[in-house]
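Q: I have a structure in front of me and do not know how to read its features. Can we go through them one by one?

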Amino acid sequence: MRGRNNWLLVLLILLTGAGVPAASGYTKSPELRFDLYRDYLIVVQGSAGPVKGLNFLLDTGASPTILDRQVARSLHLDELPGLLAGVNGTVAAGKAIVPSLQVGPMRRDNLPVVVEDLSFFHKALPVHIDAVVGLDVIGQSPFEIDYGGREIHFGPIPSLKNALRLEMKRGLPLVEVQLNEISSRLVLDTGASSLILFEPRTPSASPVRISAVQPSSNAMGEFTGKTLWLHSLRMGQVDFSREPAVLVRGRPETGDDFDGLVSPALLGITKIAIDLDQGVFSFSR
């Protein structure tokens, strides 16, 4: 997304050693209100340990949840060194165990998190972001995101009009789509700024036929790529016709499972629902 560092583009942490198992908790709630920035970034209020009123960016492509270093220090967490995998290789990052983290009715105890400086979000958002929260927290229950109503509903939810199989790989939600009538696997990433595709390691492995590209960069210049237009994009039975995409050089070290990232909101999708237990992603326009 705009304002992300490269390491947030890939969203996978390589932690050394085993963490403390995390306990789960769930109390049904009819809704959780959120603020929407740039038409796709979801920010809600939450708590970490005894600290309440924190701003959490909800990102289905974040694995695991990332906690701002300032919050980690205020909680006096023991931070250990780790490595974070990104497009351009691995970078140093911290890891810690948060005694509890809660978003609406979703709560995780003894949650392993990545610890990083999230102050760069100030460039993109008018609010301070204290954590980037992923499916390791909000995916404990089926949930629906209503972009128009600015609400998240947890608990049993009705299926939306269009449904696809959802597969979890390395903590990331993957859906199969058709790019220019070629099957490709994309990370379902509510925090992505656009449809992002990774250049294949070999031309013959390309999921799309690439032509008429031009240089491009995100709003903050933190990663560069080539803009291309897809002749067609199909998710399930829905055709999105001609869509722009950004082709990024390099592939995540653990990215053999997927070909890129897709943002539902930026495709004009108004509601999404995710049920990890059933392995289903559904949406409506």
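A: We can start with a hairpin, keeping in mind that this is a predicted model. In the hairpin formed by β12 and β13, four residues lie between the strands, and R150 takes a positive phi near 55°.

Q: In what sense do β12 and β13 pair, and over how many bridges?

A: They pair in the antiparallel sense, over four bridges. Within this pairing, F143 stands opposite F154 in β13.

Q: Which other strand pairs with β13?

A: Strand β3 (residues 32-33) pairs with β13, in the antiparallel sense and over two bridges. Here L32 stands opposite I152 in β13.

Q: How many aromatic pairs are there in the whole structure?

A: A search of the whole structure finds five. The general idea is that a pair of aromatic rings is described by the distance of the centres and the angle of the planes. For F143 and F154, the ring centres are 6.2 Å apart and the planes meet at 45°, so this pair is tilted. An angle over 60 degrees would have counted as edge-to-face, and one under 30 as stacked.

Q: Where do F143 and F154 lie in the chain?

A: F143 is in strand β12 (residues 143-146) and F154 in strand β13 (residues 151-154), so their pair ties together parts that are 11 residues apart in sequence.

Q: Is F143 buried or exposed?

A: F143 is buried, with a relative accessible area of 1%. F154 also counts as buried, at 3% relative accessibility. The cut-off for buried is under 20% relative accessible area.

Q: What kind of pair do F198 and F258 form?

A: F198 and F258 form a tilted aromatic pair, with 6.0 Å from centre to centre and 55° between the planes. F198 lies in strand β17 (residues 196-198), while F258 lies in the loop between β22 (243-248) and β23 (260-262), so the pair ties together parts that are 60 residues apart in sequence. Both rings belong to buried residues: F198 has a relative accessible area of 1%, and F258 has one of 4%.

Q: Which residues do ring pairs link into a cluster?

A: F240, F281 and F283 are linked into a cluster by ring pairs.

Q: Which residues touch the most other members of the largest nonpolar core?

A: The largest nonpolar core has 74 residues, and V103, I152 and F281 touch the most other members. Another core, of 10 residues, lies apart from it; L172, L174, V246 and L261 are among its residues. Two names return here: I152 is the residue in β13 that stands opposite L32, and F281 is in the cluster with F240 and F283.

Q: How are residues far apart along the chain found to be close in space?

A: One way is to take the separation of two C-alpha atoms. Those of S184 and D259 are separated by 6.3 Å, although the residues are 75 apart along the chain. S184 lies in strand β16 (residues 182-188) and counts as buried, at 2% relative accessibility. For the protein, contacts between residues at least 6 apart in sequence can be considered, and 68% of these join residues at least 24 apart.

Q: Which residues other than glycine have a positive phi, besides R150?

A: D39 is one of them, with phi near 70°. D39 is found in the loop between β4 (35-37) and β5 (41-48), and it is exposed, with a relative accessible area of 60%. H76 also has a positive phi, near 55°. H76 lies in the loop between α2 (69-74) and β8 (80-86) and counts as exposed, at 70% relative accessibility. The cut-off for exposed is over 50%.

Q: Which residues does a cis peptide bond join?

A: A cis peptide bond joins S63 and P64, with omega at about -5°. P64 is in the loop between β6 (51-58) and β7 (66-68).

Q: How many helices and strands are in the protein?

A: The protein has three helices and 25 strands. Of its 285 residues, 57% are buried. The exposed area is about 12200 Å², and carbon and sulfur atoms supply 49% of it.

How values were computed:
Residues are numbered from 1 along each chain as its sequence is written. This is a predicted model: local features need pLDDT of at least 70, side-chain atom pairs count only at pLDDT 80 or more; totals for chains, interfaces and linings use all residues. Side-chain values use heavy atoms; hydrogens and water are left out. Buried means under 20% relative accessible area, exposed over 50%, partly exposed in between (1.4 Å probe, protein chains only). Contact means heavy atoms within 4.5 Å. Accessible areas come from the Shrake-Rupley method with a 1.4 Å probe; for residues, only the protein chains shown count as cover. A nonpolar core is a set of buried Ala, Val, Leu, Ile, Met, Phe, Trp, Tyr and Cys residues joined through side-chain atoms within 4.5 Å. Rings of Phe, Tyr and Trp (its six-membered ring) pair if their centres lie within 6.5 Å; planes under 30 degrees apart count as stacked, over 60 as edge-to-face and the rest as tilted. Two strands pair if DSSP finds at least two bridges between them.
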